[in-house]
Amino acid sequence: MGLPDRIDVVLCDVGGPIYPDENFTSAVRRALDEIRAHQGGAPIATADFDRVYDTVRAHQSGGLRRSLARELLGDQSLQRELHRRTGEHWTHPAGTAYPDALAMFRALHGRVTLGVVANQEAATVEALRRDGFGDYIDVWGISAIVGHEKPSREFFDWALAQAGTTAEHAVHIGNRLDTDVRPAKALGMGTIWVTRGEAPAHPTPAQLAEADVSVPDLTTVAELVLARTGR
């Protein structure tokens, strides 16, 4: 279908496009080891964690913490406890933001309405402000604050309403098909898939075809968008 002929709004995920997903996975690893210690078990082996993580990445469906709870903790009902403990450790340390992300936000500032739509903890707002994104973000869609989570339609509808536009003039950037590309596309938004972080290590042709545009990073995104702005 291609990107919209006129783009007024660009929404962006945080983990993957802006910060490396290692910030998230390191927190998950700490949480897993805490629960294993409580169970009287040994820390999770890196190979076991990577096996589950890579499977979730390859399939682009199902939550990582649900899969980890089921396969490494032996009890899927521990997903909620794993989620809680992960949130206690999940931070975005200074210096970890991708330089191409800030460059993209800076290039698009004033030309489109910019926002983040992300399943993140509330402290992410402070991290984004610290790292220079605050002056460029118009819509702060952080799940822990807004009360919606991707891939819910309500989260995207909320962000579009905050931006004062409709789906046909908006683009969403994310690194997952199941929580970014597919729900945004279902609403009629343009979609840009960034194939880093929780994207598969080797996306299939079918996966690459799901988004309007697939890119390895954000270096070319501003140029793509600016060619379609109405301002």
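Here are some notes on this predicted model, covering its strands, one helix and its aromatic rings.

1. Start with strand 2, residues 113–118, where 6 of the 6 residues are buried. Thr-113, Gly-115 and Val-117 point one way, while Leu-114, Val-116 and Ala-118 point the other way, and all are buried. That fits the usual pattern: in a regular strand the side chains alternate between the two faces of the sheet.

2. What does strand 2 pair with? Strand 1 (residues 9–12) runs parallel to strand 2, and 4 bridges join them. If you want a register mark for that pairing, Leu-11 stands opposite Gly-115. Strand 3 also runs parallel to strand 2, again joined by 4 bridges. Here the residue to look for is Val-117, which stands opposite Gly-141 in strand 3. To get from strand 2 to strand 3 the chain passes through helix 6, and this β-α-β crossover is right-handed.

3. Val-116 is worth a click while you are in strand 2. Its relative accessible area is 0%, so Val-116 counts as buried. Setting aside neighbours within four places in sequence, Val-116 is in contact with Cys-12, Val-14, Ile-18, Phe-105, Ile-137, Val-139, Trp-140, Gly-141 and Ile-142. For a longer-range check, Val-116 and Asp-217 are 101 residues apart in sequence and 17 Å apart in space, C-alpha to C-alpha.

4. Strand 5 (residues 190–194) has 5 of its 5 residues buried, so this strand is largely enclosed by the rest of the structure. Both of its faces are covered: one side has Gly-190, Ile-192 and Val-194, the other has Thr-191 and Trp-193, and all are buried.

5. Which strands pair with strand 5? One of them is strand 4 (residues 170–174), parallel to strand 5 and joined to it by 4 bridges. In that pairing, His-172 stands opposite Thr-191. The chain goes from strand 4 to strand 5 by way of helix 9 (residues 177–186), in a right-handed β-α-β crossover. Strand 6 (residues 213–215) pairs with strand 5 too, in the parallel sense and over 3 bridges. Val-194 is the residue to pick there, as it stands opposite Val-215 in strand 6.

6. Now for helix 4, residues 79–89, in which Leu-82, Arg-85, Thr-86 and His-89 are buried. Why do these sit on the same side of the helix? They cover an arc of only 105° around the axis, which puts them on the same side of helix 4. Turned away from that buried side is a face carrying the exposed residues Arg-80 and Glu-88. As for partners, the buried residues of helix 4 pack against helix 1 (22–39) and helix 3 (64–72).

7. On to the rings: the structure holds 4 aromatic pairs. One of them is Phe-49 with Tyr-53, a stacked pair at 6.0 Å centre to centre and 25° between the planes. These two residues are 4 apart in helix 2 (residues 46–59), which means that about one helical turn separates Phe-49 from Tyr-53. Phe-49 and Tyr-53 are both buried.

8. Another pair is Phe-105 with Phe-133: the ring centres are 5.4 Å apart and the planes are at 90°, so the pair is edge-to-face. Phe-105 belongs to helix 5 (residues 99–108), and Phe-133 to the loop between helix 6 (123–130) and strand 3 (139–142), so the pair ties together parts that are 28 residues apart in sequence. Are these rings buried or exposed? Phe-105 counts as buried at 1% relative accessibility, and Phe-133 is buried with a relative accessible area of 0%. Phe-105 also turns up in the contact list of Val-116.

9. Finally, have a look at two arginines placed over rings. The charged end of Arg-29 sits over the ring of Phe-49, 5.2 Å from its centre. Phe-49 is the residue from the stacked pair with Tyr-53. The other case is Arg-196, which lies over the face of Tyr-98 at 3.6 Å from the ring centre.

Key. Residues numbered from 1 in each chain as written. Predicted model: local features only at pLDDT ≥ 70, side-chain atom pairs only at ≥ 80, totals over all residues. Heavy atoms only, no water. Buried < 20%, exposed > 50% of the residue type's maximum accessible area, 1.4 Å probe, protein only. Arc of directions from axis to C-beta. Contact = heavy atoms within 4.5 Å. Phe/Tyr/Trp six-rings, centres within 6.5 Å; stacked < 30°, edge-to-face > 60°. Lys NZ or Arg CZ within 6 Å of the ring centre and 35° of its normal. Pairing = 2+ DSSP bridges. Right-handed = clockwise from strand over helix to strand, strands pointing away.
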